[in-house]
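Good morning. Please have the sequence and the structure open while I talk.

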Amino acid sequence: MDRLWAGWRSEYIDDVTAPNRDPRTSVFRSILDSGLPDEETHIVWRGSLTFAILNRYPYISGHLLVMPYRETGDLEALTGDEHTELWSAVTDAVRAIKTAYRPDGLNVGVNLGVAGGAGVPDHVHVHVMPRWDADSNFMTAVAETRVLPKHCR
């Protein structure tokens with residue numbers, strides 16, 4: 001298997017594994033509590049119960065995350081109102097990405113729990129990503145190439 005270095009992602013790994021990070025607070029809660037303007041934190045929409053933020057370390061251009069303000073790692077723990085606003089916001093995000101990027105398709109997904117692939121397991125969030133026929137985000141499966149955030153020898 002070949003390796004392709006994506007060093008820009010190492011900043012993310014360093015950030016989420018920093019020894020001074022409060023393990024009881026998700027990166028999303030830290031952003032919301034930062035007091036920084038939305039333009040600096042990449043929050044692109046705010047509802048009464050949910051918000052949308054561009055992924056700071058995207059898998060692909062336009063990688064958007066939609067989530068409730070309230071931290072919970074369990075989809076079934078959302079209130080009815082949170083659920084309704086979340087899925088309405090996801091639908092709006094799909095429309096916006098289709099208009100802005102004109103992709104060939106989209107990925108919309110939720111990873112629940114560490115074993116389910118959640119990078120932030122304590123704050124449920126929905127990924128909305130544009131995709132194109134020839135994009136390269138399945139490098140391992142189709143090209144036997146692993147994209148790594150740090151150089152490996």
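I will go through one hairpin, the salt bridges, and one charged residue that has none. Keep in mind that this is a predicted model.

Start with the hairpin. Strand β2 covers residues 43-46 and strand β3 covers residues 50-54; the two run antiparallel and are joined by three bridges. Between them sit three residues, and the strands form a hairpin. If you want one pair to look at, take W45, whose bridge partner in β3 is A52.

Now the charges. Side chains of opposite charge can pair when their charged atoms come close. How many salt bridges does a search of the whole structure find? The search finds four, and I will show three pairs, including R29 with D33.

In that pair, the closest N and O atoms are 3.2 Å apart. D33 counts as exposed, because its relative accessibility is 53% and the cut-off for exposed is over 50%.

The next pair is E82 and R70, with the closest N and O atoms 2.7 Å apart. This pair links distant parts of the chain: E82 belongs to helix α4, residues 80-101, while R70 lies in the loop between β4 and α4, twelve residues away. Are the two partners buried or exposed? E82 is buried, at a relative accessible area of 6%, whereas R70 is partly exposed, at 34%.

The third pair is R95 and D92, which meet in a salt bridge at 3.1 Å, N to O. Both are in helix α4 and three residues apart, so about one helical turn separates them. R95 counts as exposed at 52% relative accessibility, and D92 counts as partly exposed at 41%.

That leaves the charged residue without a partner. E85 is also found in helix α4. What is the nearest side chain of opposite charge to E85, and how far away is that side chain? The nearest is R46, 10 Å away. A salt bridge needs the nitrogen and the oxygen within 4 Å, and E85 has no salt bridge although E85 is buried.

What does E85 touch, then, leaving out residues up to four places away in sequence? The list is W45, G47, S48, L49 and T50. W45 we have met already, as the partner of A52. For T50 there is also a distance to note: the backbone nitrogen of T50 lies 2.7 Å from a polar atom of the E85 side chain.

That is the end of my part.

Note on methods: Residues numbered from 1 in each chain as written. Predicted model: local features only at pLDDT ≥ 70, side-chain atom pairs only at ≥ 80, totals over all residues. Heavy atoms only, no water. Pairing = 2+ DSSP bridges. Helix = DSSP H or I, 4+ residues; strand = E, 2+ residues; numbered from the N terminus. Buried < 20%, exposed > 50% of the residue type's maximum accessible area, 1.4 Å probe, protein only. Lys, Arg positive; Asp, Glu negative; His and termini not counted. Polar contact = N/O pair within 3.5 Å; in protein donor to acceptor, adjacent residues only side chain to side chain. Contact = heavy atoms within 4.5 Å.
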